[in-house]
Every structure is written in structure tokens, then in C-alpha cells.
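Q: Can you walk me through this structure, one feature at a time? I would like the general idea, and then the case.

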Amino acid sequence: MKLLGRLHPPSAEPEVLLDWRARILSTVLMFVALLGALTAVPSVWLALRHELWAIAWIDLAALAWVLVLWRHKRLSYRLRAWNLLALIYLLGVWFLMHIGPVSQIYLMAFPVMAALLLGLRPALLALVVNALTLMSLGYLANADLHVPGFESRPFIEWVVITINFIFINTVITISCAVLLSQLERSLERQLVISRSLAQGQEDLKRVNEELQHTASALNRLAYFDELTGLPNRRMLMDRLGQALAAARRSPMSGTLLYLDLDRFKNINDARGHAAGDALLLAVAQRLGGLMREEDTVARLGGDEFVILSPRSAQEHDGDARAARVVAGKVREAFEQPFILDGQPYSASASIGVVVLGPAAQSAEELLRNADTAMYRAKAAGRSRIAFFEAAMQREVEEQLALESELAQAIAQDQLALHLQSQVDAAGTVVGVEVLLRWTHPLHGAVPPARFIPIAEESSLILRLGRWVLEQACHIQRQLLAAGHAIPVSLNVSPRQFHQADFVEQVLAVLEHSGARADLLVFEVTEGLLLENLERTIPRMDALALLGIRFSIDDFGTGYSSLAYLKRLPLHELKIDRSFIEDTPHDPGDTAIVEMVLSMARHLGLKVVAEGVETRAQADFLSAHGCDALQGFLYARPQPLDDWLRVTHHSSSLFAPL
């Protein structure tokens, strides 16, 4: 029973073991009832024949008692067990008092049945009761039990009878109790093992199910994009390898398209990454519905998608024509706006195309070539289609070489800052912008449009940005020494601005150069301002406290909300040259310029128009209150010494060139 206490909570009965004993009790009662009924007929008949009425009534009463206990199974187990034991004991007592030796059979059964039905402790109690019964009732009733030699001493005689009876009864009872106890413990252990096996089977089943789900998910994650559900790079490369192998074995070909969404960053800046994800999902669904079953539409990551469209030899169109058809169909898919949260959003894609053939190219080479073609399409003005050519690869290699040479140019003094004046309506110089120039020792002047994007795609932009800031501060000191206390504007790249220690860098450069912070203007893009706005604002505020002013470069070309204008410490807006070049002849551009000027006046912001090249443009801008004009009409960018000489000779007044 101690084992039960360890296996089960104290408050919980071992129901299975009780059920085992209950089944034994029911079986015993059934056999007692059946055998009792069979023996009751002759027993009662003999008792009545010899006028032993008491024996007849006792037999009938005992049989009825057993039948009641057998049939009424709703009674508790212990109540039925104790009733059966009481019946056996009372029969033994009655026979002891009225008949004699037959009583020992019932009294001996009393503790043995107690051990069987209730355990060792009730059995020991039954033995004690038996001993007291034999000693007291046997002696007092002078039952017909005798021991030769002790007839004259009845008390001693009953002591001897009791000792011998209890000895044998105890041996039988304890043997039964120990046997049943061991059987019970064995049953308990079997029960524990059975439960453990059942639990183990359940756990194993659950683990197997989890492993199946996990394997299906380590497979989906390994071969499919988590956001769009499209095949990922790994699956694409596998299918591309299969397509190339098929092309080498048979006259098969196909088309590989590399897509990059144009200005995807703008939607993330303007509407958040959730909207960007929604657009990517919408693009994936549209492309997936556009392709054939044998085609593969994959997402490589970010806003880059790849389409692999195999082509069998039975198709009659030429490879190039088939590729153009596929690329055109994809571009047409972007002509319809995408619906995001109920609002239409127009998106376009630059597409690079490679034709698959039997040439010995690897999957990586084909993908790289398609990527190169895509960048050629983007450079051509976006929403374009470009086919890969060997010249494209040479251009990529040239760009890599140019990146390496640009790194050397910083250390070898090949870079210089040129100044372009900003003038008011009267032609008075009111500021300058410093512009980066690179003179290559072999190739001569390298256009900024060529090397600035290369620097921005690598970490070189950080070194360039620091160098430009240092040189701009040095130029400002020289301008002050020459009597020109005018603001110096310089471009700050997003990667440079978002450095964790950018404010500390600026402060260190100011302290080292002795430049005036209030005469520095940092030109930044709208995208920079909206990228992590909550971190951008404190950084701008810290720089503004130093005296530095901020200008939004190329204003009007972004897709962001204008609400940020009220939250940021801005000083001026620069109208992009794309709106100036057709002003005042183009009504659309003219309206945009007028709107920007009006809005700036209400917000108390200065406005600089860049790209001013005609007198008509200058007159229109001045008439509508533009604060400063910058462009070839007044001056081209020039080195500091040339700028100082020209400014000195013109008495700080710039007439149109």
C-alpha cells in the first residue's frame, strides 16, 4: 500500500486496484450464492426432517443475505465486503455456540477472506476477533470442542484450542495476505508500465506529428519565400539548373527575366513597411497568374523577382522574339494599378532579359547577366526592358574598377570641390553650393553621375562624405577671409547621415576647422528624412542647435507626405531642375512651382530653384517670390580661386551669362 501512496496522489484512490478486488468479491458472491442455493435444498430438508429449525432458518437467512450482496452492486465495495465478512463471522459464532467443530471452518475463513478482500490490516483484526471469540464464547458456552487430557480444566483446554487454531489461521491468513500484496504490487507496477507505455505512445505520436509539420515547414522555408509563397532563390537555382541541363541535351531554350520594382523605397517611406509588403504580395500574385504552369516565378528578396520561362523546340517563334513577348507581357501587367487598402497604387518594374540556350553557362552566370541587364534598364529611365549583351558585362567590370580607383582618388588628391553661386532676383550672391569633381589621371574628368552612384552603393560614400564636409568647412573659412559671409551648401548622403556618430563627427570637424555652423547648409533628400523619422528628428534637432541649417534637395520628386515639413527643423526647399526646365511654358510644371513657392511662404521656408538656364525661367521665378536662383544662366561650378576672382571682378553681382 505504500507503493500506492507513491504512485498516486493521497486524495486519489487506486480505482483500478479497487476494481480488481470488486471483481473478486462479485465472483465470490456469485459462487457462494449458486453453491449456497444448491446446498440449501438438502440442508434445509435434513434440518426440517430432524426438527432443527434454527439451522434451516440460518441457512435461508445466510443465502438471502448473500443474494442481496451479489445483486446490489450499487452498494459501495467496502460495505459489501464487510457484510460478507460479518456473515461468515456470525455463522462461525452461531455454529460455535450451537453445533461445535464445524464452526472452525467459518471462523478460519473469516480472516482469510478479510485478507483477500480488504488487505493485511483487516485480516489481522479478524484474527484478533477470532482469538477473542474462541476464548470467550467457546469457554463460556462450553462448545463441543475437547483436547484429550484437559477435560477437567476447561479454561486451559480452550487456551490450547485457541492457540493452535489461531496459529494455523494466522499462517494461512498472512500467506494469503502476502501473496495478494505481492500480486497487488505487481499489478501496480504493470499499471504504471502500461500507463507509461500509453503515454509514451501518445508522446511518440505527437512528436511524429510535430516532426512532420516541422519537416514540411524546414522544406517550405528552404524552398519558398515566406512573404509571398513564391519559390525562393534556392528553388529557382535548382529549376534553372534543370532547364540548362535540358537545353544542353535537346534543342530547348527559354527566357530568364530579372525584375526590380522602380522606386519601391518610396512606398516604404510614405506608407510604412506593411504597405510595402502588401505591394510585394500583390505583385507576386499578379505575376503568378500571368505565367504558364511550367514557368517559375521566384522572389529573390527585397523587391527583386525572377521569371524562368522554358521554351520547347516545337514553338516556332525565334528565341529573341519569344523573350520580347514574355517581357512585354510582364511589363503590361504593371500598367494596371495595384490596390492597397482600397487605394490604387501605380508601380513599374525594370526588366533585364537573358535568353537561355545551349551555350555552356552556369545558372549563376545567367542570373548575374540578367541582373546586369536589369540595371541597364533602370539606368535607361526605369520601366524599361533591356537584353543582356556582352558589353553590359564589360560595363559592370569597368564599374568595379572605377570603384577601386575612386578609393585611391580620395588619398591621391584627385578630388576637388567646385562652387556654384546662388543669387537673388538682383543677381547678388546669397550662397554657394559645393559640388564634387573628380579628375582621373588617365580618363580625365569623370562625371559625378557616374561615380557618385558607385560610391553610394559601397561604403566609399562615408569616406567621401567626411572629406566633403571637411573641405566645405575649409572653403567657408576662406570665403570669410575674403569677406563673403554667405552660406555654404553641401549634400549629405543618407548612409552618411544615419551613422550612429554623425553628430559627433560634425562637431569634431567644426571644432578642428573653426568653421561657423550657422553658415553651413546640409542638403538632404526626402527619402532620408522619412527613413526612421523618429530617429531622424532628434539628430536634426541636435545639429540645428549647433546652428546648421537643412535644405530639402530635389523637392517635389518624392512620394512622401508633406506633414513632415512641420515636424522638422528645415530652412529651405530646393525645387528640382526637372520642374524648372519646362517653366513657364508647361502648365503642369508651372503649377507645381507656384504651389511650392506658395507653400514655402506660408511655412516660412526659403526656396532655391536649381537648373535655371533661361531668362524666362529667372523672370518667372523672381516674379513669384523665389528667394534664390542657381544655374548655368548665372554661373557654372568652378574652383574656389576662380570663383573668388570672378566674384571680386563683378563686385558680388552676377549678370546672366
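**Reading the model**

A: Start with Asp295, which is buried, with a relative accessible area of 10%. Buried means under 20% relative accessible area, exposed means over 50%, and partly exposed lies in between (1.4 Å probe, protein chains only). This is a predicted model: local features need pLDDT of at least 70, side-chain atom pairs count only at pLDDT 80 or more, and totals for chains, interfaces and linings use all residues. Residues are numbered from 1 along each chain as its sequence is written, and side-chain values use heavy atoms, leaving out hydrogens and water.

Q: What does pLDDT say about the chain?
A: pLDDT is the predictor's confidence in each residue, from 0 to 100. The chain averages 80, and 78% of the residues score at least 70. Over residues 1–14, pLDDT stays under 50. The model has 13 contacts there beyond four places in sequence (contact means heavy atoms within 4.5 Å). Residues 651–657 also stay under 50, with 26 such contacts.

Q: Where does Asp295 sit, and what does it touch?
A: Helices (H or I, at least four residues) and strands (E, at least two) are DSSP runs, numbered from the N terminus. Asp295 is in the loop between helix H11 (273–290) and strand E2 (296–301). Not counting residues up to four places away in sequence, Asp295 touches Leu308, Ser309 and Pro310. The side chains of Asp295 and Ser309 make a polar contact of 3.1 Å. A polar contact is a pair of N or O atoms within 3.5 Å; within protein, one must be able to donate a hydrogen and the other to accept it, and residues adjacent in sequence count only if both atoms are side-chain atoms.

Q: How are the strands ordered in the sheet that holds E2?
A: Two strands pair if DSSP finds at least two bridges between them. The sheet is open, with five strands in the order E2-E3-E1-E6-E7 and mixed pairing. E2 and strand E7 (385–387) are the edge strands, and each pairs on one side only. E2 and strand E3 (residues 304–311) are antiparallel, with five bridges. Val297 stands opposite Ile307 in E3.

Q: Which strands does H11 lie across?
A: Axes are lines fitted to C-alpha atoms, for helices over the stretch in contact; angles run from 0 to 180 degrees between N-to-C directions. H11 lies across strand E1 (253–261), E2 and E3, and runs at about 5° to E3.

Q: Which way do the residues of strand E14 (residues 572–575) point?
A: Glu572 and Lys574 point one way, Leu573 and Ile575 the other way, and all are buried. Strand E13 (residues 549–555) runs parallel to E14, joined by three bridges. Ile552 stands opposite Leu573. E14 also runs parallel to strand E15 (residues 606–610), with four bridges. Val608 in E15 is the bridge partner of Lys574.

Q: Where is the backbone unusual?
A: Most residues other than glycine have a negative phi, and most peptide bonds are trans. The peptide bond from Thr583 to Pro584 is cis, with omega near 5°. Asp341 is not a glycine, yet has a positive phi of about 55°. Asp341 lies in the loop between strand E4 (338–340) and strand E5 (343–345).

Q: Is Asp341 buried or exposed?
A: Asp341 counts as exposed because its relative accessibility is 78%.
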